[in-house]
Amino acid sequence: MAIRGSVETSLAELAARVRRRAEGHPGRFLLGIAGPPGAGKSTLARGIRDELNLAAGTAIAEIAPMDGFHLTNAQLRAAGILDRKGEPDTFDAAGYVNLLRTVRDTAPGTTVPWPTYDREIHEPVPGGVVFDRQTIVVTEGNYLLLDDRAHPDWSAVRPLLDETWYLDVPRPIIEQRLLRRHIRGGRTPDAAKSKVANSDLRNAALVEATRTRADLVLRKAGRGYRID
Ligand SMILES: Nc1ncnc2c1ncn2[C@@H]1O[C@H](COP(=O)(O)OP(=O)(O)OP(=O)(O)O)[C@@H](O)[C@H]1O
Ligand SMILES: [Mg+2]
């Protein structure tokens with residue numbers, strides 16, 4: 001009889017799983033990490049990349065952040081949606097899909113510049129990272145697993161990924177992290193509360209509905225992660 005429950009695993013074990021799956025894979029292997037805002041996706045992606053590169057003794061993995069496809073503040077202002085920054089339609093989803101396809105379909109050794117997002121100036125940075133010889137691409141962001149009629153561009157992401165993980169975090173922890181981040185970023189406590197309630201948690205609910213589409217659901221546990 002199958003035993004219900006979860007397994008604890010370390011970052012090194014998770015990275016080894018990726019390495020095994022990527023071995024023998026033609027071209028570049030794409031791992032996607034999805035999850036709600038503030039879940040720790042970027043932290044996990046950096047951990048996996050660093051473990052992979054350390055174990056290989058060379059740069060075999062790099063991060064392709066979905067956040068690099070934030071529309072610029074000027075574009076958002078012109079469209080009258082600056083106050084909704086972070087929602088699915090405030091990103092260039094089609095551009096993200098196109099570049100994922102490019103990085104997947106070009107041979108390692110071909111350079112592919114990828115935009116990053118600067119949290120100091122709150123703007124995307126074109127070519128913030130450049131893929132070259134790396135064979136493993138770790139892409140991470142909120143909306144990788146969206147699949148509904150309201151967001152047709154996002155639905156094209158999942159089929160491009162070789163493996164997907166969902167990073168699950170209890171709501172109260174997310175709320176606390178986001179509140180702290182907004183206050184650190186200069187908002188008053190009331191403005192921070194309002195941003196979390198009216199924007200972040202709405203986005204979180206949308207993302208939480210995509211959890212079942214992931215190959216693996218992870219939760220932080222002690223020094224490692226628990227696979228649910
Ligand atoms: N495992 C963890 N334990 C405690 N704090 C963490 C953990 N992972 C991330 N954090 C903290 O939570 C906050 C959010 O982490 P991170 O930026 O990795 O999340 P994210 O999912 O990428 O967020 P966003 O969706 O906004 O990009 C950061 O302040 C980070 O230091
Ligand atoms: Mg992040």
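Begin by selecting T90, which you will find in the loop between α3 (73-78) and α4 (93-105), and keep in mind as you look that this is a predicted model. T90 has a relative accessible area of 0% and is therefore buried. Now show the side chain of T90 together with the backbone of G86, where a polar atom of that side chain lies 2.9 Å from the backbone nitrogen of G86. Next, add the residues that T90 touches beyond four places away in sequence, which are H70, L71, L76, I81, R84 and K85.

Move on to the largest pocket, whose volume is about 1,300 Å³. Of the 40 residues that line this pocket, select D67, H70, Y117, R119 and R181, since these are the closest to its centre; H70 will be familiar as one of the residues touched by T90. Colouring the elements will show that α2 (41-56), β3 (61-65), β4 (112-118), β6 (136-141), α5 (171-184) and α6 (189-208) each supply at least two residues of this lining, and that α5 gives the largest share, with 6 residues. If you colour the lining of the largest pocket by class instead, you will have 9 nonpolar, 15 polar and 16 charged residues.

Finish at the second largest pocket, which has a volume of about 170 Å³. Select its lining, which consists of A39, G40, T43, L167, D168, V169, P170, I173, R177, R219, K220 and Y225, and note that β7 (163-168), α5 and β8 (216-221) are the elements that give two or more residues to it. By class, the lining of the second largest pocket has 6 nonpolar, 2 polar and 4 charged residues.

Note on methods:
Residues are numbered from 1 along each chain as its sequence is written. Chains are lettered from A and ligands numbered from 1 in the order in which they are written. This is a predicted model: local features need pLDDT of at least 70, side-chain atom pairs count only at pLDDT 80 or more; totals for chains, interfaces and linings use all residues. Side-chain values use heavy atoms; hydrogens and water are left out. Helices (H or I, at least four residues) and strands (E, at least two) are DSSP runs, numbered from the N terminus. Buried means under 20% relative accessible area, exposed over 50%, partly exposed in between (1.4 Å probe, protein chains only). A polar contact is a pair of N or O atoms within 3.5 Å; within protein, one must be able to donate a hydrogen and the other to accept it, and residues adjacent in sequence count only if both atoms are side-chain atoms. Contact means heavy atoms within 4.5 Å. On a 1 Å grid over the protein atoms alone, a cavity is a set of points where a 1.4 Å probe fits but cannot get out, and a pocket is an open set with protein on both sides within 12 Å along at least five of seven lines; lining residues have an atom within 4 Å of a point. Grid points are joined across faces, edges and corners, and a volume is the space filled by probe spheres set on the points. Ala, Val, Leu, Ile, Met, Phe, Trp, Tyr, Cys and Pro count as nonpolar, Asp, Glu, Lys and Arg as charged, and the others, Gly among them, as polar.
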